Amino acid sequence: MMLQNKTIAFIGGGNMAVAMIQGLLAAGCAPTRIRVAEPDAGQRQRLTERFPIVVLAENALALAGADAVVIAVKPGKVDGVLRLLAPVLGPEMLILSIAAGISLAQLQQALPAGQPLVRVMPNTPALIGAGISALLPIPTLSQEKRHLAQEIMAVAGDVVEIEEESWMDAITALSGSGPAYLFLIAEALSDGGVACGLPRGLADRLAVKTLIGSARLIDETGQHPAVLKNQVTSPGGTTIAGLEQLESAGVRAALMAAVRAAWSRSRALSG
Ligand SMILES: NC(=O)c1ccc[n+]([C@@H]2O[C@H](COP(=O)([O-])OP(=O)(O)OC[C@H]3O[C@@H](n4cnc5c(N)ncnc54)[C@H](OP(=O)(O)O)[C@@H]3O)[C@@H](O)[C@H]2O)c1
């Protein structure tokens, strides 16, 4: 593990930065090697109370000695933030941008030529270390810096490296927006239980644990979802009766269309 002796700076101390800081500390990074620059005094106060890390008001101050710099501000602010940082960046500092919809080319335009750079698309389960992040390095990035980027993002969950930037909109639509689709499904399953007479609290718990357990079963057995579905579907039984309703309501097509709609919206937003 190379993380322990690296200094990591965060520009922006919001939700994603907090999730990653928590993960870095849990992974054994020294708190003195984690810096965060955050303009809002109230948020700085909350960060200081929560973590024994270095919390600063000035972005440039967070850079001193940094091996990696995580750009964790809202997408609309990324360009301005990078242009102000560009003159004070060390040429070896690895920049990780987690801003949705900001391309490598846009990031490169605001940065010094040749700056080591990775574009990252995380998702909200990162808040509990259970996210999945897609990493898109610039093609010239060294193996060592690729590993560093992977190790940093691994504190927020699973990591996949991609080469194809055009996939980012589809990734945004699937894993970025996906948690919301599953929240809706959790809510609807619980509603179904309540419709059949279960108390709400019990129905909520049954729904969420069923989602978690089913997802883990796919992940940990490596079985195709169709195989697992067939295993719980006995002839003339209850499950096939439920599945028939889902099929006649077009749930598969609806989920596919949801990903496609989010993909086309992401493409429109990222221009
Ligand atoms: N949350 C997600 O699930 C998710 C998923 C994928 C990608 N992302 C990306 O992650 C990035 C951060 O998202 P977030 O949810 O963590 O947002 P957030 O909670 O709003 O955090 C952004 C933080 O940056 C601070 N900030 C604003 N301008 C700044 C500046 N000029 N210099 C330094 N800090 C500044 C903000 O402070 P103020 O409040 O004072 O403005 C805020 O504390 C976004 O670009 C988003 O696209 C998020």
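**Figure 1. Strands β7 and β8 run parallel in this predicted model.** Five bridges join β7 to β8, which spans residues 157-161. L135 of the first strand faces E161 of the second. The connection between the two strands passes through helix α5, residues 143-154. Together, β7, α5 and β8 form a β-α-β unit with right-handed sense.

**Figure 2. Strand β7 is enclosed.** The strand covers residues 131-137. Seven of its seven residues are buried, so β7 is largely enclosed by the rest of the structure. Its side chains split into two sets. G131, S133, L135 and P137 point one way. I132, A134 and L136 point the other way. Both sets are buried. L135, the residue opposite E161 in β8, thus belongs with G131, S133 and P137.

**Figure 3. Strand β6 pairs with β7 in the antiparallel sense.** β6 takes in residues 117-121. Four bridges tie β6 to β7. R119 has L136 of β7 as its bridge partner. L136 is buried and points the same way as I132 and A134. β7 therefore has an antiparallel partner in β6 and a parallel partner in β8.

**Figure 4. Strands β1 and β2 pair in parallel.** β1 holds residues 8-11, and β2 holds residues 34-37. Four bridges connect the pair. F10 has its bridge partner, V36, in β2. The chain leaves β1, passes through α1 and arrives at β2. This β-α-β crossover is right-handed. α1 spans residues 15-26.

**Figure 5. Strand β2 buries residues on both of its faces.** I34 and V36 point one way. R35 and A37 point the other way. Each of these four residues is buried, the arginine included. V36 is the bridge partner of F10, whereas R35 is matched with V54 in β3.

**Figure 6. Strands β2 and β3 continue the parallel pairing.** β3 is made of residues 54-56. Three bridges join β3 to β2. R35 and V54 are bridge partners here. From β2 the chain runs through helix α2, residues 41-50, to β3. This β-α-β crossover is right-handed.

**Figure 7. A shell of 27 residues surrounds the ligand.** G12, G14, M16, D40 and A99 come nearest. Two helices, α1 (15-26) and α3 (75-85), each supply at least two residues of the shell. By class, the shell has 14 nonpolar, nine polar and four charged residues. α1 also carries the chain from β1 to β2.

**Figure 8. Two domains meet through a contact.** Domain 1 covers residues 3-165, and domain 2 covers residues 176-269. Their centres, taken over C-alpha atoms, are 33 Å apart. Six residues of domain 1 and five residues of domain 2 make the contact. The side of domain 1 that touches domain 2 has three nonpolar and three polar residues. No charged residue appears on that side.

**Figure 9. The whole chain gives the setting for the close-ups.** The chain has 11 helices and eight strands. Its C-alpha trace spans about 70 × 40 × 30 Å along the principal axes. Of 271 residues, 31% count as buried. Among contacts with a separation of 6 or more, 64% link residues 24 or more positions apart.

Notes. Residues are numbered from 1 along each chain as its sequence is written. This is a predicted model: local features need pLDDT of at least 70, side-chain atom pairs count only at pLDDT 80 or more; totals for chains, interfaces and linings use all residues. A residue is near a molecule or strand if its C-beta atom, placed from the backbone, lies within 6 Å of it. Ala, Val, Leu, Ile, Met, Phe, Trp, Tyr, Cys and Pro count as nonpolar, Asp, Glu, Lys and Arg as charged, and the others, Gly among them, as polar. Domain bounds come from an automatic or database domain assignment. Two residues are in contact if their C-beta atoms, placed from the backbone, lie within 7 Å. A residue is buried if 20 or more other C-beta atoms lie within 10 Å of its own, exposed if 12 or fewer, and partly exposed in between; C-beta atoms are placed from the backbone. Two strands pair if DSSP finds at least two bridges between them. A crossover is right-handed if, with the strands pointing away from the viewer, the path from the first strand over the helix to the second runs clockwise.
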